[in-house]
Each structure stands twice: as C-alpha cells, then as structure tokens.
Amino acid sequence: MLRARLLVAAIGIPIGIVLVWLGGPAYGVAMGVLTLMGLHEYYTLVRPYRPNLLVGYLAAIGVLTAAYFAGVPGLAGGLAASLIFFFLWGMGGRLGDHLVGRMAVTAFGLAWVVMGFGHLLLLRGLENGATLTVLAVGATWTNDTLAYFVGRVFGRHKMAPRISPKKTIEGAVGGLVGSVLFALAVKVYTPWLPLREAAIMGIVIGITGQWGDLFESMVKRDLKRKDSGRLLPGHGGILDRFDSLLFVGATTYWLSILLLGDLVKGGGG
C-alpha cells in the first residue's frame, strides 16, 4: 500500500507542478477533468438516491467555464444559472417520485466537488496564483503525509472514531505542524509574502484540510463505502486524494484576498 502511494505521488506531483506553472488553458482543462471525474465518483457513491447525471455534468461544465473566463462573478453566476437546469428537470419530472431529494443530492455535488475544484481554478488566476496554489497544495499534502506517519508512530488518542477510526489527535497535530512549516518554507522563497500571513495560511490550511478529509470520510461512512473509487492505487479515487483540497481551495482563495489584498488581485484562469 505504501509503495503504491509513493509511486502515484512520484508520477502525480511533477505533473501537478508543471500544470500549476503553466496555468491558463492547460490548468483549466486539468481542473475540468478532475472535477468531472470527482463528480462521477460522487454520483456513483449516491447512486441509490438516483441523482440526475446529465443535469449535474452540464451544470458542472457551465460553472467551471464561467469561473475560468469571469472569475468569482462567473462562478456565482454559473451556480445561479444551473438552477435553470434544475427547474427544467423539476418541470418534466414525476411529482411524488422523490424529485426534491433527487434534486438535492444532485445539487450537493455542485456545492461540494465543483465549488472545491472551482476555487482551485480561481486561486491559480490570482496575481500570484502559481505561488499560492503551490502553497495550498503543498501544505495540504504535507499535512496529509505527516499526519499519516506521525499517527502511525505516535498515535494514541482517536480524533473521530465514528467517522475515521485510524485518525488520531497526535497525527492531526503532526499534520498541522507540517502544513505551517511548508507555508513558512514558501515564504523564504517568496519576498512579497509576509511571515505572519504565511504562518496564518499554514495554520488555516492545516485545519481545513483535515476537515475536508473528515468530511469525505463521513460521506463514505454514511454510504458504507471504503473508497470513492479505484483510479489511484494506494489512494483510492479522485475524491480520496483531493478531499482536503476541496476545502482548502476555497479557504486559501478567500484568505489570500483577505490577508494579501492588492498583492493577489487577478482573474479566473
């Protein structure tokens, strides 16, 4: 298992670095592919609730396209426009056939998966988006890695046994330390990033990343599934690998706007 995880990381990390460095259409297409794959995994998990795949996929494509070309207004407008799809579905659907529940479970995929990857798209579109994206992704994966190893060696106290029995408080603390250290390392090579702001971002990314991980664990536990998919050996599916980043993307984007202001103003892609 560990060997498979390391192999996937060895292949995936360089590809991710190149895509972040390139930005633009290449990064946008990558986010689109990851979004649709993650959304497919989610809809597979909730298949017993009968989500409308066509409505969900079309809405996802529309939201991401709008976010790429128009930034935050595009993301918000795309989500608002997606209501048209749900309205048309409702007009043609059979009343009394759990239509409201089906619409809700379909829309939740947009709120969780599409909004998460959409904010990673917006983050790269900021003025210093490449650095901020590296900070967000690197701090998240450092958090995950250290939490895993520290938890295995020193873990004694369960953090959320009902949701994720293997996660420990010791592992969570180790992961948080790793997230902060990575953010501070980015600051060393980034003169425009103040030390205090880098530390704050490391702390917040570490916390929200662990929340994102626990959130996906809660979803899978409720649906009695171990992994969201089998695409990535040793990791599971796209949601298993990017669950933390679905929370961290939005956190880092808005925290960057709040803490760094004019240093990060930019567009969508």
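**Exercise 1.** With which residue does Glu197 form a salt bridge? State also whether each partner is buried or exposed in this predicted model.

*Solution.* Step 1: Glu197 pairs with Arg196, and their closest N and O atoms lie 3.0 Å apart. Step 2: Glu197 has a relative accessible area of 9%, and buried means under 20%, so Glu197 is buried. Step 3: Arg196 reaches 60% relative accessibility; exposed means over 50%, and therefore Arg196 counts as exposed.

**Exercise 2.** Determine which parts of the chain are linked by the salt bridge between Arg241 and Asp144.

*Solution.* Step 1: The two side chains meet at 3.0 Å, N to O. Step 2: Arg241 belongs to helix H8 (residues 238-260) and Asp144 to helix H5 (residues 129-154), so that the pair, 97 residues apart, links distant parts of the chain. Step 3: Arg241 and Asp144 are both buried.

**Exercise 3.** Describe the salt bridge between Lys167 and Asp213.

*Solution.* Step 1: The closest N and O atoms of Lys167 and Asp213 are 3.5 Å apart. Step 2: Lys167 is located in strand E2 (residues 164-168) and Asp213 in helix H7 (residues 195-222), 46 residues apart. Step 3: Lys167, with a relative accessible area of 22%, is partly exposed, whereas Asp213, with 18%, is buried.

**Exercise 4.** Describe the surroundings of Ser179 in helix H6.

*Solution.* Step 1: Helix H6 comprises residues 169-188. Step 2: Ser179 counts as buried because its relative accessibility is 0%. Step 3: Apart from neighbours within four places in sequence, Ser179 is in contact with Ala139, Thr142, Asn143, Gly202, Ile205 and Gly206.

Definitions and conventions
Residues numbered from 1 in each chain as written. Predicted model: local features only at pLDDT ≥ 70, side-chain atom pairs only at ≥ 80, totals over all residues. Heavy atoms only, no water. Helix = DSSP H or I, 4+ residues; strand = E, 2+ residues; numbered from the N terminus. Buried < 20%, exposed > 50% of the residue type's maximum accessible area, 1.4 Å probe, protein only. Contact = heavy atoms within 4.5 Å. Salt bridge = Lys/Arg side-chain N within 4 Å of Asp/Glu carboxyl O.
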